[in-house]
Amino acid sequence: MNLFRAILLLIIFITPLRANTIYNLIKIPNLKIYEINTKNKLKYLYAISSFRLGVQKNIVCLSSNKKDLEKKYKTIYKSLSRYSYDYLKKINLKYIVLCENLSISGINTAGIPDNIMKTLILDIKFNEDYFERVIHHEVFHIVNDQHKKLFNESEWIKFNSSEFKYAKCSICTEKLGLETYKKTNGFFTEYSKSTASEDMAEVYSHIIFLNTKEINQIRKLDSILDNKISYIENKIKKIDTSFNF
Amino acid sequence: MIKKIKASTSEKIILIFLVTLFILTLGTYFVIKNECLFVKNFDPKNINFKNPKNIAILNVPCGNVVIELYPKVSPNGVKRFITLIQSNAYDDVAFHRVIKNRLVQAGDLEFGKKDFLDYGKIGTGKSGLGTIKSEIENEFNYVKGSVGLARTFKNDTEDSQFFIILQDEPLFEGEYTPVGKVIYGVELLNKIKYQRHSEYILRPDFISTFRMLN
């Protein structure tokens, strides 16, 4: 026991000092403040060099190019400004990390939400066509993770036709398309068909991204999506009664 | 009869040089050893305070650090802090976590006391009074000298440990419960013992006393 303690102490005292406030707060290295004086108190951080995360270091993101960062920050800021401080507090989101070519185990991804660390990592190089909507998609994952009991997947599955089955996980399928269907048939995108939680996130992101007229039109034409939209709206209202879609 | 030999000019110069060198060496030795020589110690008796009720005096190896507490910002946090100060609980407690020019942290009443220092557990000790809820709603600028309550990774785990920041830390707002700010003597905290390769300190400096002014 004493030997173990001695070794532990030795490790502590010879480990190089990582005295970085951001690292201490969210456990992501190589970040710098981009903007912290925002109305809804979101803190925007960016990668000054690449970083690896996770137990197996399988999450990788590269440093952000200044030009891309300036351009994408405006879009991200505008998108996230629609969320109030109160709502963000309820869903436990505070830090937005901006970096490039984000991937998990070699698979590119638009964002990685972490409600425990109050952090959303966003890939600023993600497909321009869907980037703005995808931000809200990732926000929903934070909402879902923070309020797991509220979003019941068994209830959700019942909205679909009885023959339909989701894949076992979001990356165990080829259904990765993010383009919004012209003919919806219960799903906004191909990616909606991957898992129930991705479907919820796609519904949420479309409610936020599309205007009321477009949403109302979809509701009229697609009864399944009408039910799904109502479900998401009701649950979000339970989290924050003042939330405006 | 022994003939007196007069010292030559060069011998006299060498002698003067050696004496000067000796004095300088001795002087430098004491200057280096006394790390507190160039920092001002404040006597709270000579200062007029607007709210003397909210003034706490933290006595560290180099002198007095005068802290103004903010009960309006964090009522419960300050209440806990005052309770512990008034019971002299912080006396002889180590500054167990020190990052040069960034922060000093102390207040582990279980494993940080001078006579019961436990290097294996320091930083994890409790006060015995239980944890309190984080008070992070009110606006507070974490500027140099700000005093906050330390917590574990989770909110609502504040107990007795506190930190004082030695540089502005804007990201601390909304993360840590603020309890006050150093109004005199923040430079004394730069003299607290630190280690280059670790935030945790072997043979740390200790709080001598921590008292409320009134």
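**Exercise 1. Find how many bridges join strand E1 of chain B to E8(B), and in which sense the two strands run.**

Step 1. Locate the elements. Strand E1 of chain B covers residues 55–60. Helices (H or I, at least four residues) and strands (E, at least two) are DSSP runs, numbered from the N terminus.

Step 2. Apply the pairing test: two strands pair if DSSP finds at least two bridges between them. E1(B) and E8(B) are joined by 4 bridges and run antiparallel.

Step 3. Pick out a residue pair. Ile57(B) has Arg211(B) of E8(B) as its bridge partner.

The model is predicted: local features need pLDDT of at least 70, side-chain atom pairs count only at pLDDT 80 or more, and totals for chains, interfaces and linings use all residues. Residues are numbered from 1 along each chain as its sequence is written, while chains are lettered from A and ligands numbered from 1 in the order in which they are written.

**Exercise 2. Trace the pairing of E2(B) with E1(B) and with E7(B), then decide whether E2(B) is buried or exposed.**

Step 1. Start with E1(B). E1(B) and E2(B) pair in the antiparallel sense over 6 bridges. A hairpin with 2 residues links the two strands. Asn59(B) faces Asn64(B) in E2(B) across the pairing.

Step 2. Turn to E7(B). E2(B) is joined to E7(B) by 4 bridges, again antiparallel. Here Glu68(B) is opposite Lys181(B).

Step 3. Count burial. A residue is buried if 20 or more other C-beta atoms lie within 10 Å of its own, exposed if 12 or fewer, and partly exposed in between; C-beta atoms are placed from the backbone. In E2(B), 7 of the 7 residues are buried, so the strand is largely enclosed by the rest of the structure.

**Exercise 3. Assemble the sheet of chain B and place helix H2 on it.**

Step 1. Write the strand order. The open sheet has 8 strands, in the order E3-E4-E6-E5-E7-E2-E1-E8 (chain B), with antiparallel pairing.

Step 2. Name the edges. They are strand E3 (97–99) and strand E8 (209–212) of chain B, each paired on one side only.

Step 3. Get the twist. On average, neighbouring strands are turned by 25° against each other, direction ignored. Axes are lines fitted to C-alpha atoms, for helices over the stretch in contact, and angles run from 0 to 180 degrees between N-to-C directions.

Step 4. Add the helix. H2 (residues 75–86) of chain B packs on the sheet, and the strands touched include E1, E2 and E8 of chain B. The direction of H2(B) makes about 120° with that of E8(B). Two residues are in contact if their C-beta atoms, placed from the backbone, lie within 7 Å.

**Exercise 4. Work out how spread out chain B is.**

Step 1. List the elements. Chain B has 2 helices and 8 strands. From the N terminus, they run α-β-β-α-β-β-β-β-β-β.

Step 2. Compare radii. The radius of gyration of chain B is 23 Å, well over the 17 Å that the globule rule gives for 214 residues, so chain B is more spread out than a compact globule. The radius is taken over C-alpha atoms; the rule is 2.2 Å times the number of residues to the power 0.38.

Step 3. Add the box. Along the principal axes, the C-alpha atoms of chain B fill roughly 90 × 45 × 30 Å.

Step 4. Add burial. Of the 214 residues, 39% count as buried.
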